[in-house]
Structures are given as structure tokens and as C-alpha cells.
Amino acid sequence: MKKILLGNEAIARGAYEAGVKVSTAYPGTPSTEITEAIAKYNEIYAEWSPNEKVALEVAIGASVAGARSIVCMKHVGVNVAADPLFTLAYTGVNGGLVLVVADDPGMHSSQNEQDSRYYAIANSIPMLEPSDSGEAKEFTKLAFEMSEKYDTPVMLRSTTRVSHSQSFVELEERNEVGVKPYIKDITKYAMMPAMAVGRHKVVEERIKKLAVDANSMSINKITYKSTKIGIICSGVVAKYAEEALPDASILKFGMVNPLPMEMIKEFAGKVEKLYVIEELEPIFETQIKAQGIECIGKEIFSIQGEFSVALIKNKMLGEPIPVADTTLPVRPPVMCPGCPHRSVFYVLKKLKLMVTADIGCYTLGAGQPLNAVDTVVCMGASIGMCHGVDKALGREQSKKTVAVIGDSTFVHSGITGVVDAVYNQGSSTIIILDNSTTGMTGHQPNPATGRTIRDQVTHQLDLEKVVRACGVNSVQTVDAYDMVAVEKAIKEELEKDEVSVIIARKPCVLLTKEIKTPYYIDNNKCKKCGMCMKIGCPAIMMTKDKVFSIKADQCVGCGVCLQMCKFDAIKLGGKN
Amino acid sequence: MANILIVGVGGQGTLLASRVLGNYAVLTGQDCKLSEVHGMSQRGGSVVTHVRVGNNILSPIVAVGDADIIIAFEKLEALRWRHYLKKDGMMVVNEQEIMPMPVITGAMEYPNDIKQKLQEVCKNTLFINAAELAHECGNVKVANVIMLGALAKNLGFKYEDIIEAVKMTVPARFLDINLMAIEKGFNAK
């Protein structure tokens with residue numbers, strides 16, 4: 001049966017058909033839907049883990065125990081999981097283990113555009129890269145076979161355009177591979193120096209064997225057409241290249257580490273001009289040039305951004321690319337109407353505080369008109385950075401600095417930051433924006449929501465108790481919509497010479513879907529002061545001649561704008 | 001081969017529209033690739049979904065200058081993405097205006113000559129008041145399906161096929177209103 005599937009759903013289907021028993025992940029665009037789709041297969045145990053490191057460790061445990069396991073994350077998630085990953089490369093597996101990583105060239109929804117292929121090289125482990133949904137499913141299954149055949153973790157790399165594109169997939173039955181017996185072997189699974197010395201040899205031999213075998217793997221494929229131009233590529237770029245230059249010969253890697261050098265040499269010898277087209281880093285190109293093979297790559301193709309059919313035609317054939325009108329007003333993503341983060345950020349702006357922020361919807365507090373964020377680095381960084389500001393500039397500055405972090409991000413990697421600030425006698429003020437969900441990635445539950453991936457009720461991590469256990473004595477919980485309470489709490493906690501935590505709580509409006517009566521602006525009472533516009537709510541509009549209005553179809557009745565108006569011009573009961 | 005671009009503002013339902021088109025391809029036995037936007041860009045930002053229906057499709061993204069039709073759920077977004085259109089391509093544009101943040105904050109003005117500019121670059125531009133038609137259906141949220149109806153008509157899709165595709169995509173409890181919406185869009189002038 002053929003079905004149209006998202007690349008991520010196809011990876012999930014591959015895991016299902018491969019007989020996977022355990023699946024773990026922390027949500028991250030563009031990888032999230034893999035685990036959401038896996039959770040629909042009852043044969044597979046699925047979980048959202050608190051972070052990628054834990055997710056990988058759970059998967060390693062399942063693999064050592066003998067089950068096939070899959071762990072999925074976005075590119076920056078691998079940084080978090082890198083510690084177990086580097087040693088997993090040494091231990092190898094029992095049941096097959098596949099780590100799926102989704103890169104985000106062009107940064108549709110990421111803080112950097114690092115290239116995960118470097119991790120495969122650094123770990124000396126194989127990495128496969130599909131080019132569409134069909135291959136996504138096939139390569140996932142193949143990855144499990146390779147993992148067990150070569151006794152190695154296998155990385156499966158996707159990019160946004162593979163993960164978030166849909167194409168046809170041939171569905172097959174699940175292969176119940178069962179669970180392999182676990183045999184205690186500390187020379188393989190307990191990586192102390194004496195054992196690790198032996199295992200490192202295994203790693204080096206394994207990758208050499210894989211490099212030889214790569215030359216005969218069917219997923220590395222040469223298609224000879226005209227030999228005037230030869231193109232080396234992988235993933236979705238192979239589709240772009242074939243469409244842009246239908247007459248060119250193409251060597252497409254299905255396995256992007258290690259590379260099939262004999263195949264490359266043969267291909268390079270047969271084509272007149274050799275191009276390497278790869279998004280992000282010059283990883284193939286560097287290895288190919290190191291063999292003394294002439295090729296053109298990053299001389300013409302950028303390290304930054306996504307490629308496309310038009311870009312390849314432009315770079316190789318000189319065809320112009322039609323350009324967008326850049327004089328139009330831009331439309332950046334914004335906090336939704338009724339977003340509980342908006343009111344908190346308005347207060348932070350009003351108090352002119354330095355704000356070390358974090359990764360999530362609230363990163364949007366950096367945009368106009370709130371413009372209330374100073375820094376965004378990585379998951380959990382807000383708390384460590386706030387403590388760093390405190391230690392660098394002392395109490396005067398720490399009275400004007402707060403860390404802002406969401407509930408899911410706090411559980412992911414905020415807790416250790418709190419432990420540090422308390423232990424080292426800091427005076428940070430930390431605001432946890434608890435909207436009871438992992439918002440930006442599409443509303444996944446997390447330990448603080450008390451629900452599992454399959455929406456079962458479970459222990460709800462009590463954020464207040466957690467921070468108190470870390471040694472924070474001053475903890476306040478406020479209604480995020482109540483700007484007076486939020487302001488009062490922030491002012492009080494900033495004055496305290498100790499680490500303090502404010503939990504600004506209100507569920508995400510997209511989650512509650514509660515329909516409240518919208519507000520409207522009474523133009524007889526409106527003094528045209530423009531205060532309501534300062535919160536940057538997309539539901540509030542102003543015409544050129546300063547007539548203010550609220551769009552009833554967008555307003556969710558949160559009442560934050562009501563608190564901005566000093567003239568009682570905002571009233572309940574807006575109509576379309 | 002039809003290269004379709006669905007553009008709009010995050011939250012307007014471009015994803016659902018593209019999924020109906022995916023099912024349309026399944027029904028009519030054609031190859032199809034869709035490319036969507038998830039994550040941060042979704043939050044009220046400018047969004048684009050690529051749909052390609054035909055034989056042996058390679059790239060999941062429509063090349064710039066290669067779209068047969070652009071269906072814009074919002075007027076300014078039509079202007080923003082118009083460079084994707086083929087020379088003799090067509091545009092179906094919802095007359096709705098959604099103010100972007102620079103306009104809300106007063107830093108910029110919402111262009112008042114969008115219709116004129118669009119007609120300059122594309123004579124074959126159809127404007128639809130999808131919000132009003134959606135209101136007639138009883139829910140402003142079905143504007144996306146109204147636009148889809150108009151798209152289906154202008155690409156020469158059979159009415160029965162697109163109806164079937166909607167049935168495959170939309171949950172049963174929302175089916176009636178969506179079928180009403182597709183009909184209104186299909187017959188919109």
C-alpha cells in the first residue's frame with residue numbers, strides 16, 4: 001500500500017517496520033513529528049525525555065538490553081547528547097540503535113545551522129541521509145540492519161526539507177525482530193580506561209571496514225548521463241541537482257559517512273568537470289580534495305542557507321533568480337493573541353531590565369515592539385548567563401537583570417543552573433514562564449505537565465518544590481496575565497540578596513482553546529494615547545489616522561490590553 | 001505538472017489546504033510532493049507551503065519563477081511571494097488584510113496599492129473575499145478551504161475529486177462546513 005507521508009512520519013514508519021521496541025526524544029523542530037508519529041504505534045514504547053542526553057541514555061540502555069531503539073532530536077540536541085554519544089561509539093550496541101538528527105539549513109526554527117555530519121566523523125560512526133520520504137523509511141530500516149551488522153550506533157541525518165516534505169511511501173509489515181539476549185561483558189559495556197583502549201581499536205577497525213564496504217553499498221549510487229558535468233551530492237540536494245541539470249551525471253551518497261572513496265575516484269575519472277553540491281559545511285569536498293581530486297564546491301556554493309533548483313541553475317548555468325520585493329513590510333513570527341508571555345515581557349521592558357532569555361516561544365520577546373530580550377544562546381543558558389552577569393558586575397547590575405525560561409526548557413537544562421547560582425551564593429532573579437506545555441514545537445507534554453506522550457496521567461513535576469529543593473528560599477507564583485502582580489513580584493525579588501524564582505503561570509492559549517468574549521475599543525472613550533499598541537498584540541490595530549480597534553476574530557479575551565488602557569476605552573463584547 | 005504555492009500568515013490553515021491537495025493526488029493517481037513549515041515561523045509569521053502534483057517529481061519545493069499558481073490567503077503575502085510565479089501564471093488572492101508587526105507598531109505602512117501591483121505583474125489575478133464567504137458558512141476559519149475551492153476550479157480539477165479529497169482530510173465532525181466552503185470557493189467569481 002502506498003501512502004503520502006511526511007519525511008518524519010516515514011522515519012517513524014521505518015522504525016515500526018524495523019521492529020523497534022523503544023523510542024525516545026526531546027521535541028525540536030524539525031524532528032518533533034517523528035516521535036509523535038511513533039507514539040501512534042502501540043507496539044513501540046515511546047517517551048518524551050527531559051532532554052536529549054537522557055533520551056540517548058535510555059535508548060542505549062534499551063539497546064544493551066537487546067531491543068532495537070531509536071532516539072530523535074534536532075541538530076543542536078546532539079550537542080546535549082554528545083557526551084553519551086562519543087562513548088556509545090566505543091561500546092557499540094546489542095539491539096540496533098539509530099540516532100535520528102534533523103538539521104535545519106537556513107534556520108527556519110533554530111539558533112544556529114551546525115552540520116551534524118561532523119558528529120558522525122568525530123565519532124567514527126556511519127551516517128545515512130535520505131532524500132525523500134520513501135528513502136527516509138527505507139534508510140531507517142537499513143540503519144537498524146547496519147547497526148547490528150557492524151555493532152555500531154548509526155546516525156540518520158535529515159534536513160528540514162526532508163523532514164517536513166511529504167511524498168509517497170510504500171508501506172510494509174512490521175518485522176518483529178524480538179529482543180536479543182543480554183550477555184554481561186564489561187570489556188564492551190563498561191568504559192573504564194583499560195576497556196576503552198581495547199574498544200577504541202574496534203572503532204577504528206570498524207570505520208575502515210565501513211569505508212571499504214561503502215563502495216559496494218546500493219544506497220551510494222552513480223547515474224551516468226552526459227559526462228561533461230559530474231555532480232556529487234546527498235539528501236534533498238540530489239533531487240534539486242537532478243531537476244536543475246537533468247543531463248548531468250550524479251553520484252549520490254546514501255551513506256554520508258564514511259565516504260566511498262573508490263566510487264568517488266571512478267566517478268571523478270569519468271566526468272570532465274566535477275562539482276560537489278552540499279548544503280552547510282564543505283564536508284564531502286574537503287575529503288575529496290584531500291585525495292588530490294579536483295572539484296568545485298564552496299568556491300561557488302555558500303556554506304550558509306538552503307539550496308534550491310533555482311540556486312543550482314544560477315550558480316552553474318548563470319540563470320538569474322527572480323528576486324523578492326524587499327521594500328514590503330516584513331512579517332516576522334509573533335506571540336499569538338492571548339499569549340501569556342506578552343504581559344511578562346511588557347513588564348520587563350517597562351522596568352528596563354537586562355534579560356537573559358532562553359529557547360522557546362518567549363524568544364519572540366526579542367522582537368518589536370516588546371524588544372525585551374538581551375540574550376538567547378541555548379537550552380538553559382538563561383540561568384547560567386544571569387549568574388555570570390551577577391558575578392561579573394556585582395549586585396548593582398544583578399538588581400537590574402533577570403533570567404527568563406519556559407517550563408519545558410527549565411526541566412530540559414535549567415535546574416543545574418539554579419543549583420549553581422544557589423551553591424555559589426549568587427543573587428539571580430529567575431522567571432519561569434510556565435505555560436504548561438512545550439509550545440514552539442507544537443504542544444508536547446513535559447514532566448511539569450503531568451501527562452505522558454500518550455496523554456496518560458503521570459507524576460507532575462512540581463516546579464516550586466524543585467527550586468526550593470535546590471536551595472531557593474524566595475519563590476513566588478503569579479498569574480502571568482496580571483501585570484500588577486508580575487511587576488510587584490519582579491521588583492520584590494530583584495531587591496533580595498539571594499537567588500529567587502518567580503513562576504509566572506498561565507497555560508498557552510492554543511492549548512486551552514478556551515473561547516472567551518473578545519474585547520473592543522470604544523472610540524468615544526479612546527484618547528488615542530497608543531498605550532494598547534505597546535504590548536504588540538496582533539489583534540489590536542491602528543489606522544493611519546489613529547483609529548484603534550480590536551479584531552474580534554483574533555482576540556481571545558485575555559484582558560492584558562485592558563490593563564494598559566487608563567481611559568476605560570477597552571470593553572468586553574467585541575463583535576465581528 | 002502543477003506547481004502550486006500556498007502563502008499566508010501562520011495560523012491561517014495553509015497546512016490543511018496542502019494536505020487536501022496531497023490526497024487529491026492520491027485519488028487521481030498522480031505523484032505529489034508537499035513542503036510545509038513547522039515551528040517558529042508558524043507563529044503569525046509569513047508562511048509558504050509548496051505543492052507539486054504531476055509525474056516523477058524531484059524537488060519538494062517549487063523553484064522561484066516556476067509556480068503555475070499562487071494561492072494567497074492574505075493580500076500582502078501575495079505581493080511578497082509573487083516572484084515565484086511563472087510568466088503566464090495565475091494568482092488567487094484572498095482580499096483579507098492582516099497587519100504585520102512593523103505596521104502594528106507604526107514603523108511601516110500597509111501598502112495600499114497591492115491590487116494594482118499584482119495586476120501589473122499578473123493579469124490573471126482573481127480576488128476573492130474569502131473571509132466574507134467563510135462568514136456565510138458560519139465560521140471564519142474555513143476561509144482556507146474556500147481558497148482551496150477556487151484553486152481547484154482554476155486548475156481544472158474535477159469537483160467530485162476535490163470533494164473526495166476534502167472528505168479524506170477533514171475530521172468527520174467538521175466535514176459539512178468544509179464541504180460548504182469548498183463549494184463556495186469552487187463557484188466564486
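**Where chain B meets chain A**

Put chain B and chain A together and about 4500 Å² of area gets buried between them, with carbon and sulfur atoms giving 62% of it. Area is a handy yardstick here: the size of an interface is often given as the accessible area lost when the parts come together. Bear in mind that this is a predicted model. Counted by residues, the contact draws 56 from chain A and 53 from chain B.

Charged and polar pairs show up across the interface too. Between chain B and chain A there are 5 salt bridges. A:Asp325 and B:Arg82 form a salt bridge, and their closest N and O atoms sit 3.6 Å apart. As for polar contacts, 13 residue pairs turn up across the interface of chain B and chain A, with both residues at pLDDT 80 or more.

On to the side of chain B that touches chain A. At least two residues apiece come from α1 (14-27), β2 (31-35), β3 (46-54), α2 (75-81) and α3 (101-104) of chain B. The biggest giver is β2(B), which puts in 5 residues. Sorted by kind, the residues on this side of chain B come out as 22 nonpolar, 19 polar and 12 charged.

Strand β2(B) also takes part in strand pairing between the chains. Its partner is strand β8 of chain A, residues 165-170, and the two run in the antiparallel sense over 2 bridges. Within that pairing, B:Ser35 in β2(B) has A:Ser165 standing opposite. So much for the strands; β2(B) thus appears both as the element giving the most to the touching side of chain B and as a partner of β8 of chain A.

Definitions and conventions. Residues are numbered from 1 along each chain as its sequence is written. Chains are lettered from A and ligands numbered from 1 in the order in which they are written. This is a predicted model: local features need pLDDT of at least 70, side-chain atom pairs count only at pLDDT 80 or more; totals for chains, interfaces and linings use all residues. Side-chain values use heavy atoms; hydrogens and water are left out. Contact means heavy atoms within 4.5 Å. Buried area is the accessible area (1.4 Å probe) that two parts lose on being put together, summed over both. A salt bridge is a side-chain nitrogen of Lys or Arg within 4 Å of a carboxyl oxygen of Asp or Glu. A polar contact is a pair of N or O atoms within 3.5 Å; within protein, one must be able to donate a hydrogen and the other to accept it, and residues adjacent in sequence count only if both atoms are side-chain atoms. Helices (H or I, at least four residues) and strands (E, at least two) are DSSP runs, numbered from the N terminus. Ala, Val, Leu, Ile, Met, Phe, Trp, Tyr, Cys and Pro count as nonpolar, Asp, Glu, Lys and Arg as charged, and the others, Gly among them, as polar. Two strands pair if DSSP finds at least two bridges between them.
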